[in-house]
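Thank you all for coming. I would like to take you through one model this morning, going from the overall picture to a few helices and then to some loop residues.

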Amino acid sequence: APPRAPLRVAPSAAIFDVFKNASEAVKRASKEAAEERRLALEALKGGRAVEYVREKAKRDVGKVKAFSDGLTKSREKLARDLNDLMEKAAGTDAELNSILDELQDVLIMSDLGVDTVDAVIEDLRRDVREQRLQDPADIKSCLKASLVRVLVENEGDVNLMVPKSPPQLEGGKPQASIVMVIGANGMGKTTTIGKLAQRFKNNGHSVLVAACDTFRAGAVSQLDVWAQRAGVEIHKPREGQTSPSGVVYDALVRAEKNGNTVLIVDTSGRLHTNRNLMSEMQKMRRSVESYLDRSGRAGEEIETLLVVDASIGRNAVAQAKAWKGEIGVSGLVVTKLDGTARAGFVVSVVKELDIPVKLVGVGEGVDDLRDFEPVSFVEGLVGE
């Protein structure tokens, strides 16, 4: 997108129009997302899940292709097992039950988790019984509908809390939306922050990245590289400053002074079992909440994104459970979906923990950090 002219040189009427248009665009996007969710839930409750999945996949053919390309490894394994299974005869109830029992094993081996698979198979048995299905293609369509049903009914708010465009001015300077990015080392946290910064900047936001990982050697310089690539500002610790809470507080002050509309906070990356890390993370969160209280923003939600690597499969569920209990997690970012055959865990983490997946990484490019789309994901995972 072409660079935007500094707002300070524009006439006041022009400023009003810019923010009015941005606000209207955000409202339209929110209404569209709400309407899509309403249609999905109506279809699920009305027994039209299969039809909804097919229609949505046709409407979003581009998104389906992107997810499909990124989920090649997972789909190859699952599709191969499904195809072998669906070739078996299903002419009698006994044969059909045998196929569903084997399907249960296939889904568990795809990292969906026992509880999630039990719910999916129960849905599938009901659909097959009520619709008297025997054709393998119909059974596969019902499987897709069951997976989508799990994701839609349990996903919560999948939209980022950051407005897609800068918010309307209130009293002069905008207030920065805060995004805390957490997760263990090696999950793709720094890369995700760089891609998020680029995404927000492309949408017209003024972005500040806070380098609050004061523990890992090279963490600040690595984040600095990504900030430069994205063309956004970075707040670094002062010389000798080792407290992450102090760094984030200084970054909040700077964001307010500069009029940034988004502050992305990097955090120390250690395993969720590290008690010192959890204690420091809780302290950081309290520091942010304290600042918001003093700024008249008490109770404001903080977007807290947990980054997990898809290749760890079901282990991501354990990580997410610990982080949710100790820190609070508003959404997941699942990275490296294109490099694993274990993407099925995404369904189970939504089902078991009631944490929405907000973003997924399906490649190395900046544009490969995508909004999570349940239908597109299931189509890419299961295949045609």
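I will begin with confidence and overall make-up, and then turn to the details.

What you have in front of you is a predicted model, and the average pLDDT over the protein is 78, with 74% of the residues scoring at least 70. The part to set aside is the stretch of residues 1-30, where pLDDT stays under 50 and for which the model has 22 contacts beyond four places in sequence.

As for the overall make-up, the protein has 14 helices and 8 strands, and of its 384 residues, 52% are buried. If we take the contacts with a separation of 6 or more, 77% of them are between residues 24 or more positions apart.

Let me move to the interior. In soluble globular proteins, nonpolar side chains tend to be buried together. Here the largest nonpolar core has 102 residues, and I264 and F377 are the ones with the most contacts inside it. Helix 7, residues 136-154, contributes the largest share of this core, namely 8 residues.

A word on cysteines, two of which I have picked out. C142 counts as buried because its relative accessibility is 2%, and C212 likewise counts as buried, at 0%. How many disulfides does the model contain? With a cut-off of 2.5 Å between the sulfur atoms, the count comes to 0.

Now to the helices, and I will take three of them in turn. As a reminder, an α-helix has 3.6 residues a turn, so residues three or four places apart point the same way.

The first I have chosen is helix 5, residues 93-109, whose 17 residues should span 24 Å at 1.5 Å a residue, and whose end C-alpha atoms lie 25 Å apart, in agreement with that. Which residues of helix 5 are buried? They are L96, I99, L100, L103, Q104, V106 and L107. These residues cover an arc of only 165 degrees around the axis, and therefore they sit on the same side of helix 5. The face turned away from that buried side carries the exposed residues A94 and M109.

Helix 10 comes next, residues 244-258, with 15 residues and a reach of 21 Å from its first C-alpha to its last, close to the 21 Å expected at 1.5 Å a residue. Its buried residues are P244, S245, V247, V248, A251, L252 and A255. Because they cover an arc of only 160 degrees around the axis, they fall on the same side of helix 10. As to what covers them, the list includes strand 1 (177-182), strand 2 (207-211), strand 3 (233-235), strand 4 (262-266) and helix 11 (275-294). Helix 10 is then followed by G259, which has a positive phi, near 80 degrees.

The last of my three is helix 12, residues 315-326, where 12 residues should span 16 Å at 1.5 Å a residue and the end C-alpha atoms are 17 Å apart, which agrees. Buried in helix 12 are A316, V317, Q319, A320 and W323. Their arc around the axis is only 160 degrees, so they lie on the same side of helix 12, while on the other side K321 and G325 are exposed. The buried residues of helix 12 pack against strand 1, helix 11, strand 5 (303-309), strand 6 (331-335) and helix 13. Just after helix 12, G328 takes a positive phi of about 100 degrees.

That brings me to backbone angles in the loops. Most residues other than glycine have a negative phi, and most peptide bonds are trans. D111, which follows helix 5 and lies in the loop between helix 5 and helix 6 (114-131), is not a glycine and yet has a positive phi, near 75 degrees. Is D111 buried or exposed? Its relative accessible area is 12%, and therefore D111 counts as buried. D354 also has a positive phi, of about 55 degrees, although it is not a glycine, and it is found in the loop between helix 13 (345-353) and strand 7 (357-361).

I will finish with D157, placed in the loop between helix 7 and strand 1. What does D157 touch, once its neighbours within four places in sequence are left aside? D157 is in contact with P356 and K358. Measuring nothing by hand here, I simply note that D157 and G331 are 174 residues apart in sequence, with a C-alpha to C-alpha distance of 8.5 Å.

Conventions:
Residues numbered from 1 in each chain as written. Heavy atoms only, no water. Helix = DSSP H or I, 4+ residues; strand = E, 2+ residues; numbered from the N terminus. Expected span 1.5 Å × (residues − 1). Buried < 20%, exposed > 50% of the residue type's maximum accessible area, 1.4 Å probe, protein only. Arc of directions from axis to C-beta. Contact = heavy atoms within 4.5 Å. pLDDT = per-residue confidence, 0-100. Core = buried A, V, L, I, M, F, W, Y, C linked by side-chain atoms within 4.5 Å.
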